[in-house]
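This report concerns the packing of helices in a predicted model. Two packed helices are described by the angle between their axes and the distance between the axes.

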Amino acid sequence: MNKSLALKQILLAAGIAMLPLAQAATLAKADYSAEKTRIGAAYKADKTACAALTANAKDICVEEAQAKETVARAELEYAYTGNVKDQNKLLVAKAKSAYDVAKEKCDDFKGNEKDVCVKQAKAVEIK
């Protein structure tokens with residue numbers, strides 16, 4: 001994977017995370033529970049799909065599955081409560097998840113390229 005593609009992916013994820021969120025409508029308890037179960041099942045399916053991969057590609061796949069689950073759970077929590085506190089948690093989850101995936105992708109590089117990649121990922125997370 002080339003550096004510019006990785007950087008574009010990081011910037012895209014960060015841009016999506018920074019989009020203003022509309023006021024969330026609260027969910028019913030039954031819908032909340034069903035969605036929580038669906039998120040868990042989707043995570044298990046995504047993680048199982050990673051088993052066929054090897055080396056860093058597998059690590060990236062697992063990290064992406066975890067990031068997807070983390071963000072989905074934060075979105076669900078915000079949709080359920082509608083609290084500003086949960087909205088902030090959602091934004092943090094998106095930024096941290098994007099950083100974790102980008103950092104894992106940096107493992108494909110060596111030496112200075114890896115250092116630069118990690119610093120760029122961290123800079124985007126901080127923004």
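The following paragraphs describe two helix pairs and one buried residue.

In this predicted model, local features need pLDDT of at least 70 and side-chain atom pairs count only at pLDDT 80 or more, while totals for chains, interfaces and linings use all residues. Residues are numbered from 1 along each chain as its sequence is written, and side-chain values use heavy atoms, with hydrogens and water left out.

Helices are DSSP runs (H or I, at least four residues), numbered from the N terminus. Axes are lines fitted to C-alpha atoms over the stretch in contact, with angles from 0 to 180 degrees between N-to-C directions.

| Helix pair | Axes come within | Crossing angle |
|---|---|---|
| H2 (residues 29-50) and H3 (residues 55-81) | 9 Å | roughly 175° |
| H4 (residues 84-105) and H5 (residues 111-126) | 9 Å | roughly 175° |

H2 is therefore roughly antiparallel to H3 (an angle over 145 degrees). Contact (heavy atoms within 4.5 Å) involves residues including Tyr 32, Ile 39 and Tyr 43 of H2 and Val 62, Ala 65 and Leu 76 of H3. By class, this contact has ten nonpolar (Ala, Val, Leu, Ile, Met, Phe, Trp, Tyr, Cys and Pro), two polar (the others, Gly among them) and ten charged residues (Asp, Glu, Lys and Arg).

H4 and H5 are likewise roughly antiparallel to each other. Their contact is made by Ala 95, Lys 96, Tyr 99, Ala 102 and Lys 103 of H4 and by Cys 117, Val 118, Ala 121, Lys 122 and Glu 125 of H5. Six of these residues are nonpolar, none polar and four charged.

Asn 56 lies in helix H3. Because its relative accessibility is 13%, Asn 56 counts as buried (under 20% relative accessible area, 1.4 Å probe, protein chains only). Leaving aside residues up to four places away in sequence, Asn 56 touches Glu 104, Lys 105, Asp 107 and Asp 108.

Notes. Angles under 35 degrees count as roughly parallel, over 145 as roughly antiparallel, 65 to 115 as roughly perpendicular and the rest as oblique. Buried means under 20% relative accessible area, exposed over 50%, partly exposed in between (1.4 Å probe, protein chains only).
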